[in-house]
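Subject: Structure handover

Hello,

Here is the structure I said I would pass on. Please open it first and then read the notes below.

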Amino acid sequence: MSGVLAGFATIGMIILVGFILAHLEVLDATAQRVLTRTAFFVASPALMVTVLGRSDVHQLLSANLIASLGSVFVVATTYVLLARLVWKRSPADTVIGTFSAAYVNAGNLGLPIAAYALGDAALIAPMLLAQLLVLQPSGLTVLDAVTHVPHPGMSRGRRLLLRVTRPLRNPLAIGSLVGLALAISGVKLPVALSGPLGLLGGMAVPSMLLAYGISLRLGPRPGAGEPPVHVATILALKLLVQPLVAYLIGAYVVGLSGHALLAVTVIAALPTAQNVFTFAMRYGRGIVLTRDAIFFSTLLSLPVIILITWLLA
């Protein structure tokens, strides 16, 4: 349990630093945009190459992957239906809301929890794969398509080419695909490449957390920007439905038990990832919604994870 507390304390301290720097006017909204753009275009792709590249491909393609994919699919589908049919949200806002409900904090919070609370950092790999190679590319493809306006003088063939190749030009998708290729092939990058990538990837999480802390200080207070029922629905999907689905698929579909079942359930109960806020900032959609989802899901996920551990350990 100390690993769970340590993971939450770490992200909380860095967010607090961002909040204080914004309060002291050391960093402002411009700095927030610079941090998020750096994380999106440079640091996060480098992190994906290094994290996925050193993952065990057998761990990536384990039965846990099916449970993780299933939990993401059920939550994402449920939110999309609610957003489009009930709340009448735009496609871009729907994608950001789907990320808020289904995209777990598998990186900066999931890695320490998997390592210290569950005993093996590799246990986070299936959820990382489900998100980085399925949820993230599909969502970003939609965001790119609905928020990008081609130049009016561009030919139809040029527009079609840009639309077809857009997923392959997204920096996060590129980083994820390169990392997966390295994991599958077993190729190790030379130090001349792995060293710089490691340094750049190390900027990803702090940049996201600092930018998020700035938003807490400069934006409206948490809970004041979106309808409470909308935020509450996202929290219920994230913290209740997703771990429950992961448990049911793990136990009754792929036959997980014991520590493996505990791991896949705890990982599905992790709060909304900070990089969802980076996506919202990058595309200018759902910024307050993602901020509130991250804030409240991070606060509430700790008791949920403790309860799951008590019930299944």
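Let me start with one side chain: Trp-87 is partly exposed, because its relative accessible area is 25%, and the range for that class runs from 20% to 50%. Please keep in mind that this is a predicted model, so every value here is computed from predicted atoms.

Which residue does Trp-87 pair with through its ring? The partner is Tyr-79: the two ring centres are 5.9 Å apart and the planes meet at 50 degrees, so the pair counts as tilted. Unlike Trp-87, which is partly exposed, Tyr-79 is buried, with a relative accessible area of 0%.

Another pair is formed by Phe-295 and Phe-296. Their centres are 5.1 Å apart and their planes are at 85 degrees, which makes the pair edge-to-face. Phe-295 is partly exposed at 27% relative accessibility, and Phe-296 is partly exposed at 23%. The search of the whole structure gives 8 aromatic pairs. Ring pairs also join Phe-40, Phe-41, Phe-99, Tyr-103, Phe-279 and Tyr-283 into a cluster. Tyr-283 has a further partner: the charged end of Arg-282 sits over its ring, 5.3 Å from the centre.

Now the protein as a whole. The secondary structure consists of 15 helices and 0 strands. Of the 313 residues, 50% count as buried. The accessible surface is about 13900 Å², and 70% of that belongs to carbon and sulfur atoms. Take the contacts between residues at least 6 apart in sequence: 85% of them join residues at least 24 apart.

Leu-237 gives an example of residues that are far apart along the chain. Leu-237 is part of helix 12, which covers residues 228-252, and it counts as buried at 7% relative accessibility. Its C-alpha atom is 8.9 Å from that of Ala-76, although 161 residues separate the two along the chain. Which residues does Leu-237 touch, if neighbours within four places in sequence are left aside? They are Val-75, Thr-78, Tyr-79, Ala-101 and Gln-242. Tyr-79 is the residue whose ring pairs with Trp-87.

Helix 11 is worth checking by hand. It runs over residues 204-218, which is 15 residues. At 1.5 Å a residue, the expected span is 21 Å, and the end C-alpha atoms are 21 Å apart, so the two values agree. The multiplier in that sum is one less than the number of residues. Is helix 11 largely enclosed or largely open? It is largely enclosed by the rest of the structure, because 12 of its 15 residues are buried. Among the buried ones are Ala-204, Val-205, Met-208, Tyr-212 and Leu-216. Ser-207, Gly-213 and Ser-215 are also on that list.

Last, the charges. How many salt bridges does the count come to? It comes to 1 salt bridge. Arg-291 and Asp-292 form a salt bridge, with their closest N and O atoms 3.0 Å apart. Arg-291 is buried, because its relative accessibility is 2% and the cut-off for buried is under 20%. Asp-292 is buried as well, at 0% relative accessibility.

Regards

Terms used. Residues numbered from 1 in each chain as written. Predicted model: local features only at pLDDT ≥ 70, side-chain atom pairs only at ≥ 80, totals over all residues. Heavy atoms only, no water. Salt bridge = Lys/Arg side-chain N within 4 Å of Asp/Glu carboxyl O. Buried < 20%, exposed > 50% of the residue type's maximum accessible area, 1.4 Å probe, protein only. Helix = DSSP H or I, 4+ residues; strand = E, 2+ residues; numbered from the N terminus. Phe/Tyr/Trp six-rings, centres within 6.5 Å; stacked < 30°, edge-to-face > 60°. Lys NZ or Arg CZ within 6 Å of the ring centre and 35° of its normal. Contact = heavy atoms within 4.5 Å. Areas by Shrake-Rupley, 256 points an atom, 1.4 Å probe, with all protein chains shown as cover.
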